[in-house]
Amino acid sequence: ILINSDPLFYDLPNLSWYKRKYLLYIIKKIDGIISTSYFMKELAQKYTKAPNEVVYPFANVNQFTSVKPNLNSHNIAFVGSVEKHKGVDLLVDAFKMVREKYRDSKLYICGEGKLRKTISNMDNIYAPGFYKHPEEYLKKCGIYVNASRIESFGINIIEAMCVGLIPIVSEN
């Protein structure tokens, strides 16, 4: 059984021929798939006829509902993998434009990934890494941005909404 909640099927066409061939061989061995959204299910169906059911992930809303955000701030938050497929590079570029107008703005990125070390040294960008209680950063912000190139479900968006943040999300 494959849990389909990462960019595997999204990335497959762009992989090197040997990685793609190997993964396609492995995919033939799958007896069933649990996808975390209909979007992920559609991506998988391009490569396999295995039974595929959608089961939405659980969001622990109680962890976030008592947190009150600073909706008057110009601060922006993101929680998730600090990777290109999550659009973190796009978020950083957009934040630079925000900083031109709102010099007091800060960007809080909670998560681990290849891009974290690159962005950690940028002006007014805070990337503490994986953080067990991201609500401590979310409460400093007025907006939550998820600029993902692909998002399997977006529990992080639900959690941000539970805090009371205004979510801005990509169409992906």
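**Two pockets and a run of parallel strands**

The residues lining the second largest pocket divide into 11 nonpolar, 2 polar and no charged. This is a predicted model. The second largest pocket holds about 220 Å³ of space. Its lining has 13 residues, and Ile76, Ala94, Val98, Val145 and Ile168 lie nearest the centre. Two elements, α4 (88-101) and β7, each give two or more residues to this lining. Helix α4 gives the most, with 5 residues.

Now turn to the strands. Strand β7 covers residues 143-146 and runs parallel to strand β4, residues 76-79. The two are joined by 2 bridges. In this pairing, Ala77 stands opposite Tyr144 of β7. Strand β7 also runs parallel to strand β8, residues 166-169, and 4 bridges join them. Here Tyr144 stands opposite Pro167 in β8. Tyr144 thus faces Ala77 in one pairing and Pro167 in the other.

How does the chain get from β7 to β8? Helix α7, residues 155-163, belongs with both strands to a right-handed β-α-β unit.

Helix α7 leads on to the largest pocket. Among the elements, α7 gives the most to the lining of this pocket, with 3 residues. The space inside is about 450 Å³. The lining counts 27 residues, and Val79, Gly80, Lys86, Ile155 and Asn156 are the closest to the centre. By class, 12 of the lining residues are nonpolar, 9 polar and 6 charged. The second largest pocket, by comparison, has no charged residues in its lining.

Notes: Residues numbered from 1 in each chain as written. Predicted model: local features only at pLDDT ≥ 70, side-chain atom pairs only at ≥ 80, totals over all residues. Heavy atoms only, no water. Pairing = 2+ DSSP bridges. Helix = DSSP H or I, 4+ residues; strand = E, 2+ residues; numbered from the N terminus. Right-handed = clockwise from strand over helix to strand, strands pointing away. 1 Å grid on protein atoms, 1.4 Å probe; cavity = no way out; pocket = protein on both sides within 12 Å on 5 of 7 lines; lining within 4 Å. Points joined across faces, edges and corners; volume = space filled by probe spheres on them. Nonpolar A, V, L, I, M, F, W, Y, C, P; charged D, E, K, R; others polar.
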